[in-house]
Amino acid sequence: LCSMAAKDGTTTCHRYCTAYVVSNEKPVTLAMTYVRNDEDEADAVERVLARVENYPFEIDLLLADSGFYNERVIRRARDIAATVVHVPKKGERMKDKLDTHKSYMTTYRMYKDSERELRFPLAVAVSYQNGDRGKHGEVVRGYVACGVTDRSAKQVERLYRKRSGIETTYRLLRQARGITTTRDPVVRFAIMLVAALLENLWLVLRWAVVARPQRGGRDLPEEFTFKTFCGWIRHELEEELRRRWKIKANGVGVPASQASAAG
């Protein structure tokens with residue numbers, strides 16, 4: 001169990017670090033690992049990135065939210081590919097950088113004048129909320145922009161938005177996640193893995209099997225939702241359980257046919 005900010009009446013949780021590939025705007029889970037309460041988050045990221053590097057394809061761009069704004073993570077990620085990480089508004093120097101009304105590119109020094117000092121390109125993007133989610137006004141966001149300095153700050157922000165599909169993936173994943181009261185981390189991790197695998201399978205079936213080819217792209221039937229797919233899986237599992245309960249046993253849980261063959 002890891003400590004967390006109070007949410008929904010709890011201050012502890014099980015945490016996982018996941019890596020997705022976003023190809024043609026379709027996010028697929030590539031790797032997942034647990035995050036122990038006695039380890040640095042960067043260790044979990046290291047395990048995930050090590051697995052991703054073993055896949056037989058090139059990585060064009062690594063995108064990560066502000067939870068991965070970490071010196072070790074940034075150093076590791078930029079060695080693999082161009083990297084964009086959302087920057088949290090913490091620290092006086094960073095707040096000064098984000099105190100602007102105009103988008104710009106600059107350089108930031110993390111842990112300035114120390115042995116751990118890390119310099120990286122910082123993209124500061126200014127946008128406007130025109131009633132989005134009932135909000136209005138100016139919004140200033142910062143991004144680590146390693147390997148993409150040939151782009152403007154607004155272009156870096158557009159690159160980062162490519163990971164928006166990942167948030168949708170997390171919401172869908174919850175629909176397939178089993179409910180349990182156990183604190184056994186192995187069981188809970190297995191439940192998360194099964195949910196991710198089901199979502200990957202649904203995504204492949206949806207685009208490669210169910211979708212109907214048509215001019216200009218594929219026609220996706222709206223009725224083949226992830227919820228529907230999970231319902232089919234659940235129905236088949238329940239039917240299988242019913243069939244197993246109907247098998248005649250010899251009194252000790254062994255099917256009578258197998259007991260006769262063994263005898």
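This note goes through the sheet, the hairpin, the salt bridges and one serine of a predicted model.

1. The five-stranded sheet. Five strands make up an open sheet with mixed pairing, and their order across the sheet is β5-β6-β9-β8-β7. Its edges are β5 (61-64) and β7 (104-110), each of which pairs on one side only. Averaged over neighbouring strands of this sheet, and with direction ignored, the turn of one strand against the next is 30°.

2. Pairing inside that sheet. Strand β6, residues 82-87, runs antiparallel to strand β9, residues 136-146, and five bridges join the two. Within this part of the structure, a reader who wishes to check the register can start from T83, which stands opposite C146 in β9.

3. The helix across the sheet. Helix α4, which covers residues 153-160, lies across β5, β6, β7, β8 and β9, and its direction makes an angle of about 85° with β8.

4. The N-terminal hairpin. Strand β1 (residues 2-7) and strand β2 (residues 10-13) are antiparallel and are joined by three bridges. K7 of the hairpin faces T10 in β2. Two residues lie between the strands of this hairpin, and D8 has a positive phi near 55° there.

5. Salt bridges in general. The model has 20 salt bridges under the distance rule applied here. As background, oppositely charged side chains can pair when their charged atoms come close.

6. R15 and E41. These two residues form a salt bridge in which the closest N and O atoms are 2.8 Å apart. The bridge links distant parts of the chain, since R15 belongs to strand β3 (residues 15-23) and E41 to helix α1 (residues 41-53), with their positions 26 residues apart in the numbering. R15 is partly exposed, at a relative accessible area of 27%, and E41 is also classed as partly exposed, at 37%.

7. R72 and D40. The side chains of this pair meet in a salt bridge with an N to O distance of 3.9 Å, which is within the 4 Å cut-off that the assignment requires. Here too the pair links distant parts of the chain: R72 sits in helix α2 (residues 71-80), D40 sits in the loop between β4 (26-35) and α1, and they are 32 residues apart. R72 counts as partly exposed at 37% relative accessibility, and D40 is partly exposed at 36%.

8. R163, E167 and a network. E167 and R163 meet through their side chains in a salt bridge of 3.0 Å, N to O. The partners fall into separate accessibility classes, because R163 has a relative accessible area of 10% and is buried, whereas E167, at 33%, is partly exposed. Elsewhere, R36, D38, E39 and R47 are joined into one network by salt bridges that share partners.

9. The surroundings of S127. Is S127, a residue of strand β8 (residues 118-130), buried or exposed? S127 is buried, because its relative accessible area of 9% falls under the 20% limit for that class. Its side chain makes a polar contact of 3.2 Å with the side chain of R141. Leaving aside residues up to four places away in sequence, S127 touches G137, E138, V139, R141, K154, E157 and R161.

Notes. Residues numbered from 1 in each chain as written. Predicted model: local features only at pLDDT ≥ 70, side-chain atom pairs only at ≥ 80, totals over all residues. Heavy atoms only, no water. Buried < 20%, exposed > 50% of the residue type's maximum accessible area, 1.4 Å probe, protein only. Polar contact = N/O pair within 3.5 Å; in protein donor to acceptor, adjacent residues only side chain to side chain. Contact = heavy atoms within 4.5 Å. Helix = DSSP H or I, 4+ residues; strand = E, 2+ residues; numbered from the N terminus. Pairing = 2+ DSSP bridges. Axes fitted to C-alpha atoms, helices over the stretch in contact; angles between N-to-C directions.
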